[in-house]
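Q: Hey, got a minute to walk me through this one? I'd like the helices, then the cysteines and rings.

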Amino acid sequence: MVRLEICKSSIAGGNNFELRGEVDLSTTDQLRQELVRVVGRGGDVRIDMRYVSFIGSCGVGVLLNMAALLKELGRTLVITEAGPPVERVLELLGAAHLLERQLLCS
């Protein structure tokens, strides 16, 4: 069974998530539920995806839908780190330019 680990923490002015594992059809509901929980809290949403080994189109859809919802609320969803597997899928699906990204300095 594919597993997705979601670590979350509140930071000044937003919500921080670190994803580990695979974001596919069997784990997208888990991701969606975690992201929806923070919509009412206010602040931006930052997602570190450097430890994601796979993301499918349904996972990208969750990210795009959440980014659109947050934009309507005057907030943003930011991908702070993304490894090659995630970057490749975003590029292939034409979604890379639709998600804000900000690399963090280690």
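A: Sure. One term to start with: buried means under 20% relative accessible area, exposed means over 50%, and partly exposed is in between (1.4 Å probe, protein chains only). Also, this is a predicted model, so local features need pLDDT of at least 70, side-chain atom pairs count only at pLDDT 80 or more, and totals for chains, interfaces and linings use all residues. Residues are numbered from 1 along each chain as its sequence is written, and side-chain values use heavy atoms, with hydrogens and water left out.

Q: OK, which residues are buried in helix 1?

A: T28, L31, E34, L35, V38 and V39. They cover an arc of only 155° around the axis, which puts them on the same side of helix 1. The arc is taken from the directions that run from the helix axis to the C-beta atoms.

Q: And how far does helix 1 reach?

A: Helix 1 covers residues 28-39, twelve residues, and runs 17 Å from its first C-alpha to its last, close to the 16 Å expected. The expected span is 1.5 Å times one less than the number of residues.

Q: What about helix 2, which residues are buried there?

A: In helix 2 the buried ones are G59, V60, V62, L63, M66, A67 and L70. Their arc around the axis is only 155°, which puts them on the same side of helix 2.

Q: Which exposed residues are on the face turned away from that buried side?

A: S57, N65, K71 and E72. As for length, helix 2 (residues 57-72) has 16 residues that should span 22 Å, and its end C-alpha atoms are 23 Å apart, which agrees.

Q: Zooming out, how many helices and strands does the protein chain have?

A: Three helices and five strands. Along the sequence the pattern is β-β-α-β-α-β-α-β. The radius of gyration is 13 Å, close to the 13 Å from the globule rule for 106 residues, so the protein chain is as compact as a globular protein of that length. That radius is taken over C-alpha atoms, and the rule is 2.2 Å times the number of residues to the power 0.38. Helices (H or I, at least four residues) and strands (E, at least two) are DSSP runs, numbered from the N terminus.

Q: What share of the protein chain is buried?

A: Buried residues make up 42% of the 106. The C-alpha trace spans about 30 × 30 × 30 Å along its principal axes.

Q: Switching to strand 2: is E22 buried or partly exposed?

A: Partly exposed, with a relative accessible area of 27%. E22 lies in strand 2 (residues 14-23). V23 is in strand 2 as well, but V23 is buried at 0%. The C-alpha atoms of V23 and R3 are 8.3 Å apart, with their positions 20 residues apart along the chain.

Q: And where is V89?

A: In helix 3 (residues 84-92). V89 counts as buried at 18% relative accessibility. V89 and G74 are 15 residues apart in sequence and 27 Å apart C-alpha to C-alpha.

Q: Now the cysteines. How many disulfides does the count give?

A: Zero, where a disulfide is a pair of cysteine sulfur atoms within 2.5 Å. C7 is partly exposed at 32% relative accessibility, and C58 is partly exposed at 27%.

Q: Last thing: which charged end sits over the ring of Y51?

A: That of R20, 4.0 Å from the ring centre. The cut-offs are NZ of Lys or CZ of Arg within 6 Å of the ring centre and within 35 degrees of the ring normal.
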